[in-house]
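The exercises below ask you to read a protein model step by step, with the sequence and the structure open beside you. Try each task before you read its solution.

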Amino acid sequence: MTSQPITAIALDTGTTSIKGGLLDQNGALKHVVAIPAPKIAEYGGRYESDALAYAAAADDALWECLARADGCKTFGLCSQRSSFLVWEKSGGLPLTPLISWQDSRGAASCEALRTDEKIIRELTGLPLTPYYFAPKLRVLLLENPGWMSRLEREELLLGTLDTFLIWRWTGGKHHVTDASMAARTLLSDVRQQRWSPSLCELFGIPMRILPQIKPSAGMKLSLDNGLILDCSVGDQSAALFASVRDDRAEALANLGTGCFVVCCIPEKKPATEQAAASGYLHTLVYQDEQLHPHFAIEGTLNSVAPALEHYPVGECCAEDLGVDDIFCLAEPSGLGAPYFVSNRFATCLPDPLHSELGIQFSAPVGHLSRKRVAALLLEAVIFRVARILEDFHRVSNIERVYLSGGLSELKCLQHGIAGCVSFDIYRLRHSESSLRGAALLAAGMPQACCRESEKLKLSTASDTNALCEKYKRWKDWLDTLLET
C-alpha cells in the first residue's frame with residue numbers, strides 16, 4: 001500500500017507530556033512521538049516546572065517529527081491553556097518557572113476584584129477564578145514591583161507557553177499569541193478578540209506588555225527551523241475541532257484528567273449569553289483566517305482522573321450503577337462550571353474521602369468495598385456530564401454526543417452516560433484528538449473531517465431505569481447541597 005503524503009506536522013504541548021505527529025492527506029495521524037514534560041513541583045498551591053527544560057523537550061519532539069516529514073513545512077501547535085512565564089528579552093532566560101494553569105496563587109487577586117466579577121464575566125465569558133493567567137500575573141507583579149518598568153521597556157517579556165515557544169522558534173522576532181489562548185487570560189474581550197483596556201486596568205496589567213493577538217489559523221509565521229506555523233490554538237479547542245462539527249447540533253465530552261463538555265453554537269446566538277450567565281463558560285474555540293470567531297459553551301469537571309485512580313473503576317460494569325441511595329461528587333479540587341465551587345482543603349488533605357466540597361458522599365462509605373466506592377465515583381461523573389448535556393440541549397437541541405479521552409474507554413461510563421440522556425452517544429476511537437485538531441487546522445482541512453470512520457455508537461445497558469431514577473434524586477441532592 002502506498003503511503004499518503006504528509007500534509008502537516010503538529011505539536012501538542014501538554015501538562016504531563018509533549019506529543020508530536022504527522023498528518024497525511026486522508027487525515028490520519030502517523031509517527032506520533034511522546035516525550036514526558038518536566039515534572040511539576042507543587043508547594044502551597046503553587047505549581048511550577050522548568051521552562052527551559054520544557055522548551056528543550058518540545059524541540060526534541062519537533063525535531064523527531066521533522067526527520068520523518070518528507071519535506072512538509074506546514075506546522076500546527078496546540079498548547080495547555082493559562083500556563084505562563086516571564087523571561088528576559090536579551091538571551092531568552094526565564095525569570096520565572098513555567099507557572100502551571102493548576103497554580104492557585106491568583107486567589108488573592110480574585111478576592112481583591114470580587115466586586116468587579118460581573119464586568120469580568122460579561123467581557124470574557126469566564127468566571128473570576130485563580131485558574132486563569134491574569135489573577136496569577138497580578139500577584140506576580142505585586143510580589144516583584146521592579147518588573148513592571150522592565151516589562152514596559154521591553155527588557156522583559158511575558159506570555160503563555162505558546163508565546164514563549166513561538167518567540168524562541170522565531171529567534172525573538174514574534175511576541176504573539178492566538179485568539180483562543182488570549183480568550184482564557186481574563187484580559188481579552190471574547191466578542192472583540194482583542195485585549196480589553198478595562199480588564200487590563202482592573203488587573204493592573206498594561207496592554208503594551210502583552211503579546212500581539214493573531215488569528216488561530218492562517219498565521220503563516222516562518223520559524224528558524226524552516227517550518228511555517230499555520231495555526232496555534234488552545235489544546236481543548238484543538239480537540240473540539242478534531243471531534244465535532246460546528247454546523248450540527250453536536251457536543252463533545254472529553255473525559256481525561258479533567259473533563260470538559262462542549263457544544264459549538266453559532267456566533268451571537270442569544271442562548272449563548274443565557275448559558276454563560278448561568279455559570280457555563282462562553283468559549284472562543286478559534287478565530288479562522290478570515291477573522292471569523294467560532295464559539296462554544298463549556299462545562300467542566302475538575303481533576304476527575306486523580307479521584308478515580310485510587311479505586312478499581314475498570315472492574316465496574318453497568319449493573320453496579322444505581323443500586324443504592326448514596327450520592328457522590330468526584331472532583332477533588334471543587335466543582336467546575338457551571339458551579340465553580342472551590343475546595344479550600346484540596347491541597348492539604350491526603351485522604352480523598354475527606355474534603356470540604358471535593359470528593360463527597362451523602363452517607364458514610366467506610367463499610368463499603370473499594371469496588372462499590374468506585375461505582376459511586378463513576379456515577380458522580382456520569383451524572384455531572386448528563387446534567388451539563390441536559391442544559392446544553394435546552395440551548396441548542398443536541399442530537400448527538402461524542403465521547404473522547406482516556407476515561408471514555410470505561411464501559412461503565414459509556415453505558416451510564418448513554419442511559420441518562422435522550423440523544424445518541426458515540427465514542428470516538430481515534431486518539432490524540434488535540435494533536436489531530438492542530439494538524440487539521442494547520443492543513444486547512446475541514447472540522448471533524450475524518451471522524452465518521454472512527455466513531456462507534458454506544459448502546460445503553462439492558463435496564464437503566466434504576467440509574468435514571470437515581471440520577472433524578474442525585475440532582476435534588478446536589479441542589480440542596482449547593483443551597484446550604
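**Exercise 1. An aromatic pair**

Are Phe 84 and Phe 133 buried or exposed? Find out, and then describe how their two rings are placed and which parts of the chain they join.

Solution. Keep in mind from the start that the model is predicted. The first step is to settle the surroundings of the two residues, and here both Phe 84 and Phe 133 turn out to be buried. The second step concerns the geometry, for a pair of aromatic rings is described by the distance of the centres and the angle of the planes. The ring centres of Phe 84 and Phe 133 are 4.9 Å apart and their planes stand at 80°, so this pair is edge-to-face; the cut-off that matters in this step is an angle over 60 degrees. The third step is to place the residues along the chain: Phe 84 belongs to strand 7 (residues 84-88), whereas Phe 133 belongs to helix 4 (residues 133-143), so the pair ties together parts that are 49 residues apart in sequence. To put this pair in context, a search of the whole structure gives 13 aromatic pairs, and ring pairs also link Trp 87, Phe 164 and Trp 167 into a cluster.

**Exercise 2. A sheet and the helices on it**

In what order do the strands of the 6-stranded open sheet lie, and which helices pack on this sheet?

Solution. Begin with the order, which is 3-2-1-6-15-14, with mixed pairing. Next look for the edges, where a strand pairs on one side only: these are strand 3 (29-36) and strand 14 (217-222). From one strand to the next, the twist averages 25°. Finally, turn to the helices. Helix 6 (residues 161-169) packs on the sheet and touches strand 1, strand 6 (74-79), strand 14 and strand 15 (228-234), with its direction at about 150° to that of strand 6. Helix 9 (residues 235-243) also packs on the sheet, and it touches strand 1, strand 6 and strand 15, its direction making about 100° with that of strand 15.

**Exercise 3. Following strand 2**

How many bridges join strand 2 to strand 1, and how many join strand 2 to strand 3?

Solution. Recall that strands of a sheet pair through backbone hydrogen bonds, either parallel or antiparallel. On one side, strand 1 (residues 6-13) and strand 2 (residues 17-24) run antiparallel and are joined by 7 bridges; you can check the register with Thr 13, which stands opposite Ile 18, and with Leu 11, whose bridge partner is Gly 20. A hairpin of 3 residues leads from strand 1 to strand 2. Strand 2 and strand 3 also run antiparallel, with 6 bridges between them, and in this pairing Leu 23 stands opposite Leu 29. These two strands form a hairpin with 4 residues between them, and in its turn Gly 27 has a positive phi of about 85°. As a last step, consider how covered the strand is: 7 of the 8 residues of strand 2 are buried.

**Exercise 4. Two residues with their surroundings**

Is Glu 48 buried or exposed, and which side chain does its own side chain meet in a polar contact?

Solution. First locate Glu 48, which is in strand 5 (residues 46-49). Its relative accessibility is 13%, and Glu 48 therefore counts as buried, since the cut-off for this class is under 20%. Then examine the side chain, which makes a polar contact of 3.0 Å with the side chain of Tyr 43. If neighbours within four places in sequence are left aside, the residues in contact with Glu 48 include Lys 39, Pro 97, Leu 98 and Arg 105.

For comparison, take His 31, which is found in strand 3. His 31 has a relative accessibility of 41% and so counts as partly exposed. Its phi is positive, at about 50°, although His 31 is not a glycine.

**Exercise 5. A cis peptide bond**

Where does Pro 338 lie, and what is the omega of the peptide bond that leads to it from Ala 337?

Solution. Start with the position: Pro 338 lies in the loop between strand 21 (334-335) and strand 22 (341-342). Then read the bond itself, which runs from Ala 337 to Pro 338 and is cis, with omega near 15°.

Conventions:
Residues are numbered from 1 along each chain as its sequence is written. This is a predicted model: local features need pLDDT of at least 70, side-chain atom pairs count only at pLDDT 80 or more; totals for chains, interfaces and linings use all residues. Side-chain values use heavy atoms; hydrogens and water are left out. Buried means under 20% relative accessible area, exposed over 50%, partly exposed in between (1.4 Å probe, protein chains only). A polar contact is a pair of N or O atoms within 3.5 Å; within protein, one must be able to donate a hydrogen and the other to accept it, and residues adjacent in sequence count only if both atoms are side-chain atoms. Contact means heavy atoms within 4.5 Å. Two strands pair if DSSP finds at least two bridges between them. Axes are lines fitted to C-alpha atoms, for helices over the stretch in contact, and angles run from 0 to 180 degrees between N-to-C directions. Rings of Phe, Tyr and Trp (its six-membered ring) pair if their centres lie within 6.5 Å; planes under 30 degrees apart count as stacked, over 60 as edge-to-face and the rest as tilted.
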